[in-house]
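User: Please take a close look at the largest pocket and describe its lining. A short account of the second largest pocket would help as well.

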Amino acid sequence: MSDLKKIKDEFILKLKNKSNLSEINQIKSDLFGKNGLISLQFKKIGTIADSERKKFAADLNGIKNELQDLISLKIIEIENADINEKLEKEKIDITLPERAFVRGRIHPVSQTIDEISSIFSEIGFSVEEGPDVENEYNNFTALNTPDNHPARDMHDTFYLDEKKQKLLRTHTSPVQIRTMLKDKPPFKIIAPGRTYRSDSDQTHSPMFHQVEGLHIDKNINMGHLKGCLNYFIKEFFEVEKIKMRFRPSHFPFTEPSAEVDIGYEIKDGKIVIGEGDKWLEILGCGMVHPNVLKNVKVDPVKFQGYAFGIGIDRLAMLKYGINDLRAFFDCDYRWLNHFGFDPLDVPTNYRGLSR
Ligand code: DAH
């Protein structure tokens with residue numbers, strides 16, 4: 001038997017018994033590596049007598065191709081066997097009973113923000129957002145609150161740099177500025193989000209939530225503001241009638257400015273919103289100051305409108321009977337289970353806001 005035939009038969013036999021890829025790689029290198037058996041045969045070609053060389057070379061090539069094909073087939077066979085073994089092992093038994101599944105709860109603040117957004121979107125407001133880290137200009141200066149203005153001290157600002165250029169926004173009002181700078185009037189937006197002040201007790205948290213409202217158009221007046229807020233409070237507390245009063249106040253970015261109180265009474269130890277002879281302050285508002293409009297290149301002769309800022313946490317506490325603000329941010333799972341909402345009950349005006 002020729003050398004070539006011997007090599008071929010020997011390796012066909014070897015290949016048959018192998019079942020993993022590293023063994024196949026070994027065979028490959030035994031045959032075709034630098035000193036592999038087939039490689040050595042190729043080196044021999046030059047030494048073979050002229051008359052036999054052609055046939056030898058042709059035989060050698062034939063055997064080389066045959067062995068390579070067999071190796072490729074073997075590799076595919078091993079890979080398929082691996083896959084099949086995996087499939088067999090990882091089979092899922094779908095007849096098993098499902099595992100108990102605990103659905104998470106929506107935080108009352110998130111729920112309240114969804115409710116507020118739903119109520120305002122019903123009367124044409126869209127929702128805007130701004131960053132928690134603001135610059136001094138948007139948070140104060142553009143809102144007609146210059147450097148030496150006492151309102152700056154009242155805000156207990158968290159500054160983020162020595163030059164007091166960057167800060168954690170103290171209110172959502174800078175979103176008014178951002179919105180008006182990037183678009184042209186009219187504007188009709190709300191902007192819910194986180195706000196920060198260095199303050200902490202039963203009714204104050206260093207991080208809290210506000211929703212800003214802004215409506216700028218031709219011929220908007222304080223009557224529109226009253227109508228809008230009256231609608232909102234009634235929808236939010238899901239009551240037919242609401243007692244509301246506007247108290248004169250001062251904000252640098254509105255003129256005139258007002259704070260809004262709603263009537264309430266205590267019945268059987270519970271707060272009842274809408275009636276009664278007690279008053280609760282819930283928001284600040286006013287007609288946007290012409291200086292603010294000038295700062296964002298809106299002509300105050302052609303356009304005017306109102307703005308308001310509402311404390312969201314306060315509203316959530318009132319509506320859902322939660323009496324300590326700090327519980328909102330404790331991340332206590334039992335508390336969330338009790339006060340939280342089902343994620344599938346998305347608040348909408350037509351289906352009911354809270355159930
Ligand atoms: N930014 C005010 C605050 O945090 C609330 C506020 C009052 C917002 C009047 C307004 C407004 O847009 O018109 O105290």
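Analyst: The account below takes the two pockets in turn.

This is a predicted model, in which local features need pLDDT of at least 70, side-chain atom pairs count only at pLDDT 80 or more, and totals for chains, interfaces and linings use all residues. Residues are numbered from 1 along each chain as its sequence is written, and side-chain values use heavy atoms, with hydrogens and water left out.

The largest pocket holds about 1,500 Å³ of space. Its lining has 50 residues, and His204, Glu281, Ile282, Gly311 and Arg314 are the closest to the centre. (On a 1 Å grid over the protein atoms alone, a pocket is an open set of points where a 1.4 Å probe fits, with protein on both sides within 12 Å along at least five of seven lines; lining residues have an atom within 4 Å of a point. Points are joined across faces, edges and corners, and a volume is the space filled by probe spheres set on them.)

β9 (278–288) is among the elements that supply at least two residues each, as are α7 (150–154), β10 (304–311) and α11 (312–320). The largest share, 6 residues, comes from β9. Helices (H or I, at least four residues) and strands (E, at least two) are DSSP runs, numbered from the N terminus.

By class, this lining has 22 nonpolar, 19 polar and 9 charged residues. Ala, Val, Leu, Ile, Met, Phe, Trp, Tyr, Cys and Pro count as nonpolar, Asp, Glu, Lys and Arg as charged, and the others, Gly among them, as polar.

The second largest pocket has a volume of about 270 Å³. Its lining has 15 residues, with Ile113, Pro192, Gly193, Arg194 and His209 nearest the centre. Two or more lining residues come from each of α5 (108–122), β4 (187–196) and β5, and α5 gives the most, with 4 residues. The classes here are 5 nonpolar, 5 polar and 5 charged.
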